[in-house]
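Visitor: I have some questions about the words used for this structure. Could you take them one at a time?

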Amino acid sequence: MKTQALMLLSLTVGILAILLPHAVAAEDTPPAKSSSKVIPVALVGCAHIHTPAFIATLKRRAAEFQVKCVWDHDAARAAKRAAELGVPVVDDLAKVWSDPEIKAVIICSETDRHLELVTAAAQAHKHIYAEKPLGMGATDAYGMANAIKNAGVLFETGYFMRGDDKILFLKDQIAHGHFGKITRIHAANCHSGALGGWFDGEWRWMADPKVAGIGGFGDLGTHSLDIMLWLLGNVKQVTAAVSSGTARYPGCDETGEGLLLFDNGAIGVLSAAWDDVANPVTLEICGTEGHATVVNNQLFYQSQHVDGADGKKPWTQLPPGQAHPLDLFLDAVAGQKEVPLVTAGQAAYRSAVMEALYQGARQQQWTTPARPPE
């Protein structure tokens, strides 16, 4: 018995002699560093009025994304924004396109420069965030969409209204047929930009249709147009009436109304302006079995298919809203799956429809938006 006890003790000591050094080493060894890396991106063009907000977003996400450089054809503007980010300016775009470290570009240039910049970015296989509108019209917008598709890169643009919880709810209700046959839709996006002189200084190009491709009607209207098309699909014909409003910006429309005939038979009205002191009713959808209005950012919903939806009080049973499109784009670049991005084809079609609306206003007749080339 004594011999067996001594043998067991000896075996135990031997095992401990083997295991203890490894246990101590494991405790003393610092944890392995994360393999994730900061993703280099570039800011290409700094002209858009949303540039300051985008810079704030990029700073907020500095732990994930490094703005490696800034380019703009206006050297002073590039220097100003680069200083805010604490990064260098590049004076030659070829340095951006040829840099293998730069995975994505945020394009905030004037609209008339999009074709050159977006096409070059796609050919360089950079993921692309390009501010809206994508193009001056159908031809350049569809050309960019084709380049993006062929390159197989990620794309996003600034249609932030899609992420609103009320819009997400309404899209789901339409998909479930809870409106019955939709007969009419009205969307409005208006502010007092012209009244307040928002485009008098640094952003003056946005009130020059030769550079921006649009005026006040198109600038704000493209957001509501995106929602109308996203909810109801394509249109057969469109027309519009636009006005210079206060005429603060010569040669530029400040307000307008569009009329759209959808493929599904619905009639749409699009309102957009820089001349409004209020914009309380932003959306109305009328169907044979349902009705919805968004008034002062509250949804009133009526449907015979949904319990409690009597339209008499604000409807609050809404899904979670989504992040801003730039955040969604960055999430996708970082590798997140199934991020809800606007496709380049969708963005191009919005440019084509808006071009047709302006054409209808000039010619005072119905026009057919150009569809994507086969």
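Visitor: Why is His125 called exposed?
Guide: This is a predicted model. His125 has a relative accessible area of 54%, and exposed means over 50%, so His125 counts as exposed. His125 sits in the loop between helix H5 (114-123) and E4.

Visitor: What is noted about the phi of His125?
Guide: The phi of His125 is positive, about 60°, although His125 is not a glycine. Most residues other than glycine have a negative phi.

Visitor: Where does Ala247 lie, and why is Ala247 called partly exposed?
Guide: Ala247 is in the loop between strand E7 (235-243) and strand E8 (255-262). Its relative accessibility is 41%. Buried means under 20% and exposed means over 50%, with partly exposed in between, so Ala247 is partly exposed. Ala247 also has a positive phi of about 60° although it is not a glycine.

Visitor: Why is Trp366 called partly exposed?
Guide: The relative accessible area of Trp366 is 35%. Partly exposed lies between under 20% and over 50%, so the term fits Trp366. Trp366 lies in the segment after helix H11 (344-363), and with Leu259 and Ile267 makes a nonpolar surface patch of about 240 Å².

Visitor: How do you know that strand E6 and strand E10 pair?
Guide: Two strands pair if there are at least two bridges between them. E6 (residues 182-190) and E10 (residues 281-287) have 5 bridges, so they pair, in the antiparallel sense. In E10, Gly287 stands opposite Ile182.

Note on methods: Residues are numbered from 1 along each chain as its sequence is written. This is a predicted model: local features need pLDDT of at least 70, side-chain atom pairs count only at pLDDT 80 or more; totals for chains, interfaces and linings use all residues. Side-chain values use heavy atoms; hydrogens and water are left out. Patches are made of residues with over 30% relative accessible area and no salt bridge: like charges are joined within 9 Å, nonpolar side chains (Val, Leu, Ile, Met, Phe, Trp, Tyr) within 5 Å. Accessible areas come from the Shrake-Rupley method with a 1.4 Å probe; for residues, only the protein chains shown count as cover. A salt bridge is a side-chain nitrogen of Lys or Arg within 4 Å of a carboxyl oxygen of Asp or Glu. Helices (H or I, at least four residues) and strands (E, at least two) are DSSP runs, numbered from the N terminus. Buried means under 20% relative accessible area, exposed over 50%, partly exposed in between (1.4 Å probe, protein chains only).
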